[in-house]
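Hi,

Here's the structure I promised to pass on. Have a look at it first, and then read on for what turned up in it.

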Amino acid sequence: VTCEFYDRCNLPRPDDHVGYLPRIHASAMDELEELGIESIHDIPEDFELTEIQRRAASCVQTGEPWYDSEALKAELATLSYPISYLDFESVNPAIPRFAGMRPYQQVVFQFSVHRQKELGAQPEHFEFLAMEASDPRREFIASLCSVLGESGTIAVYNIAFESGRLSELAEWLPEFAERIKNIQARLWDLLPVVRNRIYHPAFAGSYSLKAVLPAFLPSMSYAGMAVGNGQDAGLAWESLVHGDLACDERDRIRKALLDYCGRDTLALVKLITKLRSSQLDQFDAINQES
């Protein structure tokens with residue numbers, strides 16, 4: 001339940017508020033407040049910021065995106081086909097639910113994979129969603145190994161999450177350990193590429209996929225989706241497998257979960273395609289002028 005005074009105590013910030021600089025420390029915020037500075041536009045050039053924060057500030061001040069053209073191209077060139085775009089959904093129950101689990105340990109219940117066989121090819125879509133309250137781990141990893149095969153890059157957004165869940169699956173189900181190790185060796189993380197090579201004023205200090213995606217592809221917003229984030233997905237799955245639901249409600253929740261996880265991997269396809277495309281050439285001209 002949200003506190004009735006939440007909106008009064010957390011007034012909306014303007015788009016150029018200094019709090020929207022990436023990972024700005026409270027001490028830096030206090031120092032800017034003492035200087036009477038609330039807008040990124042008013043931050044002095046000699047105020048100490050990290051490289052990423054200074055880059056973000058410059059983008060807001062100019063109103064133009066920035067990206068490191070050559071480094072970005074080099075990183076994207078390391079992708080090898082077939083490329084699989086992967087996303088997991090999970091819950092972390094306080095009370096261990098299955099054998100070998102610890103309190104608050106993650107249980108993966110869903111994945112989505114979009115796979116491109118070659119550059120420009122229409123991606124194929126594969127998905128898994130556990131529909132019962134029984135332990136989904138064996139069926140999950142068996143299905144995933146079958147979909148991902150043994151070759152090609154596997155693109156994710158925040159490698160620590162997917163790789164961490166895979167390590168847990170290998171510990172629980174050692175007969176899959178070698179295949180899981182193969183999958184982990186092929187993982188490629190888009191998050192640090194975006195964090196180090198790109199900034200857009202619309203990020204508002206965040207490098208989450210839900211901030212990055214609409215900045216480059218406004219039509220792919222998560223707004224209005226029945227399930228729109230990972231927390232919603234976990235709650236929806238719990239109601240799906242533990243709730244006493246009518247068939248039409250189960251179908252509605254199932255579709256919402258599949259739509260959400262599928263959107264995450266299609267987002268990776270579209271975003272990487274966008275970053276590789278000549279449509280970013282306009283930013284080259286901007287960077288050369290600045």
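Let's start with a small puzzle: which residue is the bridge partner of His 114 in β4? Try to find it on screen before you go on. It's His 125, so a histidine sits on each side of that bridge.

One thing to keep in mind throughout: this is a predicted model.

**The sheet**

That pair belongs to a bigger picture. There's an open sheet made of five strands, and if you walk across it you meet them in the order β4-β3-β2-β5-β6. The pairing is mixed. At the edges you'll find β4 (124-129) and β6 (187-189), each of which pairs on one side only. Neighbouring strands are turned against each other by 25° on average, ignoring direction.

A quick bit of background: strands of a sheet pair through backbone hydrogen bonds, and they can do that in a parallel or an antiparallel way.

Now go along the sheet pair by pair:

- β3 and β4 run antiparallel and are joined by six bridges.
- β2 and β3 are also antiparallel, with nine bridges; here Leu 86 has Val 113 in β3 as its bridge partner.
- β2 (residues 83-91) and β5 (residues 154-156) pair in the parallel sense over two bridges. Look for Ser 84, which stands opposite Ile 154 in β5.

A helix lies against this sheet too. Helix α11 (residues 247-276) packs on it and touches β2, β3 (107-116), β4, β5 and β6. The direction of α11 makes about 40° with that of β3.

**What's tucked away**

β3 is mostly covered: ten of its ten residues are buried. Helix α9 (residues 209-216) is worth a click as well. Six of its eight residues are buried, so α9 is largely enclosed by the rest of the structure. The buried ones are Leu 209, Ala 211, Val 212, Leu 213, Ala 215 and Phe 216.

**Two helices crossing**

Last stop: helix α5 (residues 137-148) and helix α6 (residues 159-172). Their axes come within 11 Å and cross at roughly 115°, and the crossing is left-handed. Which residues make the contact? From α5 it's Arg 137, Phe 140, Ile 141 and Leu 144, and from α6 it's Leu 166, Leu 169 and Trp 172. Sorted by class, that contact has six nonpolar residues, no polar ones and one charged one.

Have fun turning it around!

Cheers

Methods. Residues numbered from 1 in each chain as written. Predicted model: local features only at pLDDT ≥ 70, side-chain atom pairs only at ≥ 80, totals over all residues. Heavy atoms only, no water. Pairing = 2+ DSSP bridges. Helix = DSSP H or I, 4+ residues; strand = E, 2+ residues; numbered from the N terminus. Axes fitted to C-alpha atoms, helices over the stretch in contact; angles between N-to-C directions. Contact = heavy atoms within 4.5 Å. Buried < 20%, exposed > 50% of the residue type's maximum accessible area, 1.4 Å probe, protein only. Left-handed = near helix turned anticlockwise from the far one by under 90°. Nonpolar A, V, L, I, M, F, W, Y, C, P; charged D, E, K, R; others polar.
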